[in-house]
Amino acid sequence: AMVSRFKRIDHVALHVGDLARSIEFYEKNFGFRHYFQHAAGGGHQIAYLKLGDTVLELTHYPNGSAMAGFHFCLEVEQVEAAVTELQAAGVAMVRAPHDTAAREEREQGWRRVVFRGPDGEQIELRGK
């Protein structure tokens with residue numbers, strides 16, 4: 001059995017066609033609050049919206065089609081231990097562990113890693 005290192009869904013991410021339009025839509029209609037945004041290179045923009053203690057991540061690629069990608073992210077207590085367990089279980093890694101931007105103070109020093117689910121969906125893990 002998996003050691004109980006997985007805490008909660010940290011965020012769900014959607015690829016959108018127009019970032020400003022989607023931010024406005026989720027703020028106006030669902031009460032989300034846009035609280036962090038950064039450029040990830042090549043014109044790729046990522047915006048984070050908060051609702052309570054949950055997060056919706058909106059990503060936009062200049063030439064990318066909307067909804068070309070989807071992932072969800074789990075907060076995890078020990079990233080490296082989770083990686084070891086998942087690799088031992090034969091779960092495919094898409095992106096090796098690496099540093100990630102802190103969206104708020106408690107996330108200083110966090111790392112992220114991405115695995116692949118059975119249908120190609122991406123499962124991101126974030127934490128220390």
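## A walk from the S3–S4 hairpin across the sheet

Let's start at a turn: Leu-51 has Thr-54 as its bridge partner in S4. This is a predicted model, so take what follows in that spirit. The hairpin of S3 and S4 leaves two residues between the strands, and Gly-52 there adopts a positive phi near 65°. Moving away from the turn, strand S3 (residues 45–51) and strand S4 (residues 54–60) run antiparallel to each other, held in register over seven bridges. Another of the pairings joins Tyr-48 to Glu-57 in S4.

Now look to the other side of S3. S2 pairs with S3 too, again in the antiparallel sense, this time over six bridges. Here His-34 is found opposite Leu-49 of S3. These two strands also make a hairpin, with five residues between them, and in that turn Gly-41 shows a positive phi of about 95°. As for S3 itself, it is mostly covered, with five of its seven residues buried.

Zoom out and you'll see where these hairpins belong. They are part of an open sheet of eight strands with mixed pairing, in the order S2-S3-S4-S1-S5-S8-S7-S6. Strand S2 (33–39) and strand S6 (93–99) are the edge strands; each has a single partner strand, so one side of each has no neighbour in the sheet. On average, and ignoring direction, neighbouring strands are turned by 20° against each other. Helix H2 (residues 79–88) packs on this sheet, where it touches strand S1 (6–15), strand S5 (70–76), S6, strand S7 (111–116) and strand S8 (122–127). The direction of H2 makes about 15° with that of S7.

Next, the rings. How many aromatic pairs does a search of the whole structure find? Five turn up. One of them brings together Tyr-26 and Phe-30, which are tilted at 35° between the planes, with 5.8 Å centre to centre. Both residues belong to helix H1 (residues 19–30), and they sit four residues apart, about one turn of the helix. Phe-30 has 48% relative accessibility; exposed would need over 50% and buried under 20%, so Phe-30 counts as partly exposed. Step back from that pair and a cluster comes into view, with ring pairs linking Phe-25, Tyr-26, Phe-30 and Phe-32.

One last ring is worth a look, back among the strands we began with. The charged end of Lys-50 sits over the ring of Tyr-35, at 4.7 Å from its centre.

How values were computed. Residues numbered from 1 in each chain as written. Predicted model: local features only at pLDDT ≥ 70, side-chain atom pairs only at ≥ 80, totals over all residues. Heavy atoms only, no water. Phe/Tyr/Trp six-rings, centres within 6.5 Å; stacked < 30°, edge-to-face > 60°. Buried < 20%, exposed > 50% of the residue type's maximum accessible area, 1.4 Å probe, protein only. Lys NZ or Arg CZ within 6 Å of the ring centre and 35° of its normal. Pairing = 2+ DSSP bridges. Axes fitted to C-alpha atoms, helices over the stretch in contact; angles between N-to-C directions. Contact = heavy atoms within 4.5 Å.
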